Amino acid sequence: MKRKFSDRANWRRIISKHFTSKFVDKPEFTGFVTLYTIERLRDPLWKEYDGKKLCLADAGYSWLQYFPQNENFIVTAMFDDKQRIVQWYIDICKSQGVTEQGVPWFDDLFLDIVVLPTGAVFLMDEDELDDALIDGDITQEDYELATDTARQLLRIITAHLFPYFVMSERDLRSEFGIGHDHPGDTSAPGPIC
């Protein structure tokens, strides 16, 4: 199991970045929210879903990350250089915390969910979770925690009840002062297939 830090201090692709972390306590969300903005990088990061390539990291891109208190998942909303949502990436985790320096972290449980603005949903890395169990890197309880959490999240996403879709664009503006108001425009994904 790998511990991942929200400031991505060891990400070699990045030459310069800006990182901000704050604790938020609101009725709809309690936990840490971080903003990682890429200023300069060696080369863009691309990912392919169903034959379509998406750029996930380039100069001017921002990753808004939510660490909901007492939950077993982390949500990253990835925005392009025009503050348009590229994807939401949900990491399933065993635990989360914060360093003495105020940097949130999580212990990754391999399973991930990707949601695109089109509404397409992908469950990722099931094979990595299976391998981790076989290799003894995680326990049976960890395995069940990961699969149960992913199943619950997929139900919530499919029912259009996942609040982070709307929260992410709003919070990019309200919590970090980035982006523009677009009346009537939300980044909530389209129909979930």
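Select F29, Y66, F73, W88, F162, Y164 and F165: ring pairs link these residues into a cluster. Here rings of Phe, Tyr and Trp (its six-membered ring) pair if their centres lie within 6.5 Å; planes under 30 degrees apart count as stacked, over 60 as edge-to-face and the rest as tilted. The model is a predicted one, in which local features need pLDDT of at least 70 and side-chain atom pairs count only at pLDDT 80 or more, while totals for chains, interfaces and linings use all residues. Residues are numbered from 1 along each chain as its sequence is written, and side-chain values use heavy atoms, with hydrogens and water left out.

**Aromatic pairs**

By the ring rule, the count comes to 13 aromatic pairs. Select F23 and F32 next: their ring centres are 5.2 Å apart and their planes stand at 75 degrees, so the pair is edge-to-face. F23 counts as partly exposed at 43% relative accessibility, and F32 counts as partly exposed at 22%. (Buried means under 20% relative accessible area, exposed over 50%, and partly exposed in between, with a 1.4 Å probe and protein chains only.)

Now return to the cluster and select F73 and F162. Their ring centres lie 6.3 Å apart with the planes at 45 degrees, so this pair is tilted. F73 lies in strand β7 (residues 73-79) and F162 in the loop between α2 (140-158) and α3, so the pair ties together parts that are 89 residues apart in sequence. Helices (H or I, at least four residues) and strands (E, at least two) are DSSP runs, numbered from the N terminus. F73 is buried at 7% relative accessibility, and F162 is buried with a relative accessible area of 6%.

**Strand β7 and its partners**

Select β7 as a whole: 7 of its 7 residues are buried. On one side are F73, V75, A77 and F79, and on the other I74, T76 and M78.

Add strand β6 (residues 62-68), which pairs with β7 in the antiparallel sense over 5 bridges. Two strands pair if DSSP finds at least two bridges between them. Q65 stands opposite T76 in β7. The hairpin of β6 and β7 has 4 residues between the strands, and N70 there takes a positive phi near 65 degrees.

Then add strand β8 (residues 85-98), joined to β7 by 7 bridges and running antiparallel to it. F73 stands opposite I92 in β8. In the hairpin of β7 and β8, with 5 residues between the strands, Q83 takes a positive phi near 60 degrees.

**Charges over rings**

Select R3 with W105, then R8 with Y36. R3 lies over the face of W105, at 3.5 Å from the ring centre, and R8 lies over the face of Y36, at 5.5 Å from the ring centre. The rule requires NZ of Lys or CZ of Arg within 6 Å of the ring centre and within 35 degrees of the ring normal.

**F176**

Finally, select F176, in the segment after α3 (164-174). At 16% relative accessibility, F176 counts as buried. F176 and L35 are 141 residues apart in sequence, and 7.8 Å apart in space from C-alpha to C-alpha. Leaving aside residues up to four places away in sequence, F176 touches T20, K22, V33, T34, L35, L64 and D171, where contact means heavy atoms within 4.5 Å.
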